[in-house]
Amino acid sequence: MARPKPWEVGHELWAVIERLLPKVERRPRPPGRRRHPDRLVFQGILFVLHTGVAREHLPQELGFGSGMTCRRRLAEWTEAGVWPRLHEVLLAKLRSANALDFSRAAVDGPHIRALKGGSKTGRGPVDRGRRGSKHHLITDATGIPPAATLTGGNRNDVIQLIPLLQAVPPVRGKRGRPRRRPDVVLGDRGYDHDKYRRLVRDLGVKPLIARRGTEHGSGFGAQRWVVERAFAHLHRFRRLRIRWEIRDDIHEAFLAPGCALICWRRLNSR
């Protein structure tokens, strides 16, 4: 039996997604073409996310619809808030399966190139000052990403520390109050700032951040490596490895389902 392609959506995953999609009523006798099936269009979006192919080069023989159809549907579902709800549902399933560990969290923000420029880009200190963006990610103790943000490549990592903690949704899945904050947050020397340590404590989280000027080998790397692995998984989606979109909202629309798919794969592996 042939192994399914990574953009092929199984019945179990589609059952989760289909409930979240906005319902579009079709008139009894409408003009124009019939609306392309949502499941096929969703697979077309995943095909672009995985392969990085330009939407106008989406192979028509796959049956996913045109690249413009996939782009319009991606914008429609993003505006309807499908991706945050999908992410919350999968996080709740992970917590219900005891696969989510909020005893600590790790944050990081690597640079990616933005070849066409656009909003939320800037000339960073890496990549010879070429224009780029940053993906900022927070993960639990096992490397599951509950939240991600996008900034220009010239922005300091520490300014996204509080927004990342605040972006973590209330995670249900167990009896009692939803879990939203980790007990501890780990960061490298780029997050070394006493002001932000105080702000983190104000959220009820203990900051464990390496000090500038100290020698390597503090021991944080033994726990922070999970966020590096999460970025490795995230940037396997070729559409996220390099930013091709001028509009930041379109790039973020690919970033959100990328994080959700990492959650789904972790859940499926159990």
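1. In this predicted model, the element that contributes the largest share of the lining of the largest pocket is helix H9, which supplies five residues. The pocket itself has a volume of about 580 Å³, and of the 16 residues that line it, those closest to its centre are Pro4, Lys5, Pro6, Glu8 and Asn268. Two elements give two or more residues to this lining, namely helix H1 (11-18) and helix H9 (248-269).

2. As to the chemical character of that pocket, its lining residues divide into seven that are nonpolar, four that are polar and five that are charged.

3. Taking the fold as a whole, the secondary structure of the protein comes to nine helices and seven strands. The C-alpha trace spans about 70 × 50 × 40 Å along its principal axes. For a protein of 270 residues, a compact globule would be expected to have a radius of gyration near 18 Å, and the 20 Å found for this protein agrees with that expectation.

4. Helix H1, already mentioned for its part in the pocket lining, also packs against helix H2 (residues 38-51), with the two axes 12 Å apart and at an angle of about 105 degrees. Angles of 65 to 115 degrees count as roughly perpendicular, and H1 and H2 are therefore roughly perpendicular to each other. On the H1 side the contact is made by His11, Trp14 and Ile17, and on the H2 side by Asp38, Arg39 and Phe42. Sorted by class, this contact of H1 with H2 has three nonpolar residues, one polar residue and two charged residues.

5. Helix H2 has a further packing partner in helix H3 (residues 67-79), where the axes come within 9 Å and cross at roughly 100 degrees. H2 and H3 are therefore also to be described as roughly perpendicular to each other. Here H2 makes the contact through Asp38, Val41, Phe42, Gly44 and Ile45, while H3 does so through Thr69, Cys70, Arg73, Leu74 and Trp77. The classes represented in this contact of H2 with H3 are six nonpolar, two polar and two charged residues.

6. A reader following H2 in the structure may wish to look at Asp38 and Phe42, since both residues appear in the contact with H1 and both appear again in the contact with H3.

Conventions:
Residues are numbered from 1 along each chain as its sequence is written. This is a predicted model: local features need pLDDT of at least 70, side-chain atom pairs count only at pLDDT 80 or more; totals for chains, interfaces and linings use all residues. Side-chain values use heavy atoms; hydrogens and water are left out. On a 1 Å grid over the protein atoms alone, a cavity is a set of points where a 1.4 Å probe fits but cannot get out, and a pocket is an open set with protein on both sides within 12 Å along at least five of seven lines; lining residues have an atom within 4 Å of a point. Grid points are joined across faces, edges and corners, and a volume is the space filled by probe spheres set on the points. Helices (H or I, at least four residues) and strands (E, at least two) are DSSP runs, numbered from the N terminus. Ala, Val, Leu, Ile, Met, Phe, Trp, Tyr, Cys and Pro count as nonpolar, Asp, Glu, Lys and Arg as charged, and the others, Gly among them, as polar. Axes are lines fitted to C-alpha atoms, for helices over the stretch in contact, and angles run from 0 to 180 degrees between N-to-C directions. Angles under 35 degrees count as roughly parallel, over 145 as roughly antiparallel, 65 to 115 as roughly perpendicular and the rest as oblique. Contact means heavy atoms within 4.5 Å. The radius of gyration is taken over C-alpha atoms; the globule rule is 2.2 Å times the number of residues to the power 0.38.
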